[in-house]
Amino acid sequence: MRWRVIGVVAALLLCGWYTVANFVSAETRKATPFLPDDVMRLGLDLQGGIHWVLGPDLDVAIEHELDVMRGGIREELEEKKVEPARIAVDGQQLVIEAAKPEDLEAIRAAASETRVLHEVGAEGQALRFELTPQWQAEVRERGIQQVLEVLRRRVDDPIQGVQESVVTRQGSDRVLIQIPGGQLDREQARGLLRQTGFLEFKLVLDRAENEELLRKKHPDGLPPDTEIVFERERGLPGQKPEDRRILAAYLVPKAPDLTGDFLTDARSSLDNRYGWIVNFAFNSEGARRFAKLTGDNVGKQLAILLDGQVYSAPSLQTRIGGGRGFIHGRFSSQDAADLAVILRAGSLPIPVQIEEERTVGPALGAESIRRGVNASIMGMVLVAAFACWYYKLAGVYATIALLANLIMLIGIMSMARATLTMPGIAGLVLTLGMAIDANVIIYERIREELAVGKSPRAAIRTGFNKALWTILDAQITTLLVALVLYQYGTGPIKGFAVSLSIGILTSVFTSIVIPRLLFELYPGNRPVQALSI
């Protein structure tokens, strides 16, 4: 029994530690090393904020996958000495046109070897392939998971992010983002969500003040596999890149010499020469490639592009070792901070669209929280008073279990960083009310055993054992309902389901384990004539 007591006390102390942190201000928590940072989050209905539902364009993920397939099939055909007339991605299909009729079977064999492509039609010597339905589902699932992870890192960034924000999946193909009010500017947040963040490094082959002058320098046309990219002035918030004035046009290769896939860190800082800049660092492989790229091209310009726009194109003065560099580009401090967040979080694999945007006012706010807390306290006091009056010492045990339940419920919700909504407060109050039901069932069963003449010790043991399955029956069915609400509900309904689910688990534990433990402490093995119940 000693170890059971130690285990229960340790669990209560741990949960109590997290519970206390909820009643301390964020500044005090940060200044106090022995208080945890994790506390319950408040939902938008309690503190207001911005609510977005984003729709990732999962069709683009399919096109990316087909693009990868295209490269693989081209290599496969080259090994077989087959040169197709055309191989291209057309929407959700891969089109491969054979140069000769006898190449058709080789193309079909190469597509079949991927095991995820199947032929859906033919037009002359052009064959059309699609991904199998199973693989399409796999690609879409992978795409939504990647988008969710990148957006979570951007919004919940450890340096610039909003710690109490919510980024979660909604349904099969949507992402729900909730940002508490006043912690992030709307336009700033929109930029963080919509910018793809694809970083590229490309050597500059030629440069002019605008596209027309650059094309005049190449009267016979641009060299193969090259393109023109632009450096534009910093525009107003919300202004489209194409509407901003062009500062310079650069001729660069289409394929990047290095990408941001190797970045490990990015931070903004103030430089005496360039103003606000973004410092970045590569991992070991990126550092090796960056050092070779800069060492082999001293004297040339290196364009740094984000989402196809040139941010800066510095001249390489020397080999840059150590895997570190910086980007300058007429940044404001906020621009530099936002760019650092995007680079740290990585690039979005597919674009996203804002499908629903709402500003939620803290209409319920602090007053509702205060009323909810008062209702919880009042409910607990009334229930405890009745239990102590009706069941005497056993009622005191039930009250202790009730308090332990509240501490564990808030502590576990804090550890899980669950979001407390207004319906969640209702779920919390409901849980406390239901928790005493279990003790009522147990105590009434004990009374029945005492009435037929059993000793107090035997009545306690039989009462707990017989009531156990009745309690579990009721709580498991309620838990299943809560899980269904969580799976199919949204926003506040999920908050209700979370507090109800955790509350059921803690109430089962506290209403069965703690009173029984207390009965074993007193009366325990003592020879008592009557039980105070």
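Here are some questions and answers about charges, salt bridges and burial in this predicted model.

This is a predicted model, where local features need pLDDT of at least 70, side-chain atom pairs count only at pLDDT 80 or more, and totals for chains, interfaces and linings use all residues. Residues are numbered from 1 along each chain as its sequence is written, and side-chain values use heavy atoms, with hydrogens and water left out.

User: How many salt bridges does the structure hold?

Analyst: Let's pin down the term: a salt bridge is a side-chain nitrogen of Lys or Arg within 4 Å of a carboxyl oxygen of Asp or Glu. With that cut-off, the number of salt bridges in the structure is 28.

User: Which residues do shared salt-bridge partners join into one network with Lys80?

Analyst: Lys80 and Glu76 meet through their side chains at 3.8 Å, N to O. Glu113 also bridges to Lys80, with the closest N and O atoms 3.8 Å apart. Glu113 sits in helix 5 (residues 104–113) and Lys80 in the loop between helix 4 and strand 3 (86–90), so this pair ties together parts 33 residues apart in sequence; helices (H or I, at least four residues) and strands (E, at least two) are DSSP runs, numbered from the N terminus. Through shared partners, Lys80 is in one network with Glu76 and Glu113.

User: Is Lys202, which forms a salt bridge with Glu227, buried or exposed?

Analyst: The closest N and O atoms of Lys202 and Glu227 are 2.6 Å apart. Lys202 is in strand 9 (residues 199–203) and Glu227 in strand 11 (residues 226–232), so the bridge ties together parts 25 residues apart in sequence. On the scale used, buried means under 20% relative accessible area, exposed over 50%, and partly exposed in between (1.4 Å probe, protein chains only). Glu227 counts as partly exposed at 26%, while Lys202, at 1% relative accessibility, counts as buried.

User: What does Gln136 contact, leaving aside its neighbours within four places in sequence?

Analyst: Gln136 lies in helix 6 (residues 133–155). At 18% relative accessibility, Gln136 counts as buried. Taking contact as heavy atoms within 4.5 Å, its partners beyond those neighbours are Ile62, Glu130 and Leu131.

User: What is the relative accessibility of Glu75?

Analyst: Glu75 lies in helix 4 (residues 58–79). Its value makes Glu75 count as exposed, because the relative accessibility is 53%.
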